[in-house]
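User: Please go through the model shown below in a series of questions and answers. Each reply should end on the value or name requested.

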Amino acid sequence: MPGIYVMAVITLAASAGLWGGLVYFLSGRRSAYLWLILSGLPLSALVNLCVKKPLGLTVSAWAGIPPPWGPTSPVWFLTFLFLLSPVFEEPVKLLPLLFPSARRTLSGKGAALWAGMALGIGYGLGEATYLAYGIARNPHFARMAWYLFTGYFGERLIVCFLHGVMTAVAVSGIRRGLGPGVLGVLAAMGLHGLINIGAALYQFKVIPLAATQLPFIASLILLVIIFEGLRRTASREPGAADKAEEVVYYQRTVLRHPVEKA
Amino acid sequence: MNDALPSQTASRIFKPRPSSGWLSLVLLPIPFIALGLWFLLLGDPRMPLLVRLFNGIVCTGIGLPLLILAFWFPGMRYVLGPGELILRYGPVLTYRIPLSGIIRVRRRNLAISLWSSMRLPGLALFKVPYSDVGTVRMCATSASRHILLIETEDAVYGLTPADEEGFVAELKSRMGV
């Protein structure tokens with residue numbers, strides 16, 4: 001068995017436990033979100049096999065650019081490939097919301113945040129599986145020992161969370177209506193592009209290989225800030241889980257502006 | 001002239017809710033200290049001495065402070081003294097809150113954030129950022145559940161007295177409300 005599969009099992013267990021646990025416990029132990037995680041699992045394979053790969057092959061055949069594609073390919077074609085992931089993956093992650101039972105989970109800001117996180121994390125877990133399958137089929141990697149894939153483990157663990165935040169941005173917009181929904185999906189695409197920009201800049205020979213992680217780390221910090229912002233907004237909602245159990249023992253009115261006394 | 005009742009001039013000590021915080025502080029550093037000792041005492045003979053020392057000292061240096069914090073865990077307490085509330089955890093943490101500066105006292109669950117802080121299962125110390133109420137100066141045996149928040153103009157403090165009702169009654173009595 002290729003070593004990547006052993007690491008993929010470890011990665012999936014760690015990611016599902018960590019991020020599934022985060023969604024479950026921080027959302028107030030609502031199991032509905034765990035079902036949304038499951039619904040996101042097949043979507044990465046779906047978009048890669050049915051949309052991105054056929055589109056890439058069609059355009060490359062039309063332009064006469066045979067695979068394998070890499071730094072020697074034309075810049076316009078690399079840009080096209082770079083845009084495929086944000087443009088198609090973000091809408092595909094939202095497909096489970098076509099089902100009325102999934103839409104019913106979007107009852108408030110907090111619910112939209114956790115539903116989006118669950119869908120994105122599910123997508124991320126599926127993507128980790130799909131990538132492991134692709135790596136196992138590559139003769140160069142197939143015989144490598146499982147413990148040599150720690151880079152895969154670290155990256156996929158973080159990417160699962162990032163997928164969750166991007167989808168949470170989109171779903172938070174969708175909950176508010178058509179206009180904010182479109183803006184939310186566009187924002188998610190923009191964030192996705194930002195996360196991938198390091199690899200793209202390396203392909204374009206703008207930055208060296210060693211620097212590709214810098215934009216990724218910057219994106220990670222930005223998405224944690226966005227996640228915390230979404231949580232703060234959700235926690236201010238009337239009836240938020242943590243607020244509901246609040247008991248005020250004492251409160252003194254502080255007059256910040258003495259003129260108010262008059 | 002001092003209007004305080006005789007009982008209010010004496011300090012009264014309240015213990016925190018029991019928790020497994022000490023276990024977190026003991027279990028978490030074990031792998032670091034074990035790894036550190038392995039580097040320092042055994043290690044791989046092919047490894048340069050300087051690298052062995054560096055790895056050993058860093059690993060032990062991460063684990064030891066947590067073990068020291070575990071030693072002080074039973075000493076966590078809340079002291080209601082004349083005119084002030086003192087939150088104390090060994091010699092490393094002392095928050096003094098003037099009773100006259102308290103503007104709100106409430107109990108609630110807090111939404112933990114992803115930002116790093118001294119927060120383990122059963123223990124929260126020092127400044128901890130929360131998604132809903134902002135930064136809280138914690139001296140508590142829980143990081144998020146049933147935290148008694150004491151707010152002043154300048155800061156918010158989080159504690160978990162075992163006898164919450166008794167603590168709040170004594171606090172309000174000393175505040176004169």
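User: In β2(B), which residue is the bridge partner of Arg12(B)?

Analyst: This is a predicted model, in which local features need pLDDT of at least 70, side-chain atom pairs count only at pLDDT 80 or more, and totals for chains, interfaces and linings use all residues. Residues are numbered from 1 along each chain as its sequence is written, while chains are lettered from A and ligands numbered from 1 in the order in which they are written. Strand β1(B) and strand β2 (residues 77–81) of chain B pair in the antiparallel sense over three bridges; two strands pair if DSSP finds at least two bridges between them. In β2(B), the bridge partner of Arg12(B) is Leu80(B).

User: Which strands stand at the edges of the open sheet of four strands in chain B?

Analyst: Helices (H or I, at least four residues) and strands (E, at least two) are DSSP runs, numbered from the N terminus. The sheet has the order β1-β2-β3-β4 (chain B), with antiparallel pairing. Two of its strands have a single partner strand each, so one side of each is left without a neighbour in the sheet: they are β1 (12–14) and β4 (93–98) of chain B.

User: What angle does the direction of helix α5 (residues 164–175) of chain B make with that of β2(B)?

Analyst: Axes are lines fitted to C-alpha atoms, for helices over the stretch in contact, and angles run from 0 to 180 degrees between N-to-C directions. From one strand of the four-stranded sheet to the next, the twist averages 20°. Helix α5(B) packs on this sheet and touches β1, β2 and β3 (84–89) of chain B, its direction making with that of β2(B) an angle of about 25°.

User: At what angle to β5(B) does α5(B) run?

Analyst: A further open sheet, of seven strands, has mixed pairing and the order β1(A)-β5(B)-β9(B)-β10(B)-β8(B)-β7(B)-β6(B). Helix α5(B) lies across β1 of chain A together with β5 and β9 (147–152) of chain B. Its angle to β5(B) is about 170°.

User: Which residue of β5(B) is the bridge partner of Val247(A)?

Analyst: Strand β1(A) and strand β5 (residues 102–108) of chain B run antiparallel and are joined by four bridges. At the edges of the seven-stranded sheet stand β1 of chain A and β6 (119–120) of chain B, each with a single partner strand, so one side of each is left without a neighbour in the sheet. In β5(B), the bridge partner of Val247(A) is Arg107(B).

User: Which residue in β10(B) stands opposite Arg137(B)?

Analyst: Strand β8 (residues 134–140) of chain B and strand β10 (residues 156–159) of chain B pair in the parallel sense, over three bridges. The residue in β10(B) that stands opposite Arg137(B) is Tyr157(B).

User: Which element supplies the largest share of the side of chain A that touches chain B?

Analyst: The contact takes 18 residues from chain A and 16 residues from chain B, two residues being in contact if their C-beta atoms, placed from the backbone, lie within 7 Å. On the side of chain A, α10 (213–235), α11 (241–244) and β1 (247–251) each supply at least two residues. By class, this side has eight nonpolar, two polar and eight charged residues; Ala, Val, Leu, Ile, Met, Phe, Trp, Tyr, Cys and Pro count as nonpolar, Asp, Glu, Lys and Arg as charged, and the others, Gly among them, as polar. The largest share, six residues, comes from α10(A).

User: How far apart are the axes of α1 and α8 of chain A?

Analyst: Chain A has 11 helices and one strand. Helix α1 (residues 3–26) and helix α8 (residues 150–174) of chain A pack at an angle of about 35°. The residues of their contact divide into 10 nonpolar, three polar and one charged. The distance between the axes is 9 Å.

User: Is Phe126(B) buried or exposed, or partly exposed?

Analyst: Phe126(B) is found in strand β7 (residues 123–130) of chain B, and has a positive phi of about 65° although it is not a glycine. A residue is buried if 20 or more other C-beta atoms, placed from the backbone, lie within 10 Å of its own, exposed if 12 or fewer, and partly exposed in between. Because Phe126(B) has 15 other C-beta atoms within 10 Å, its class is partly exposed.
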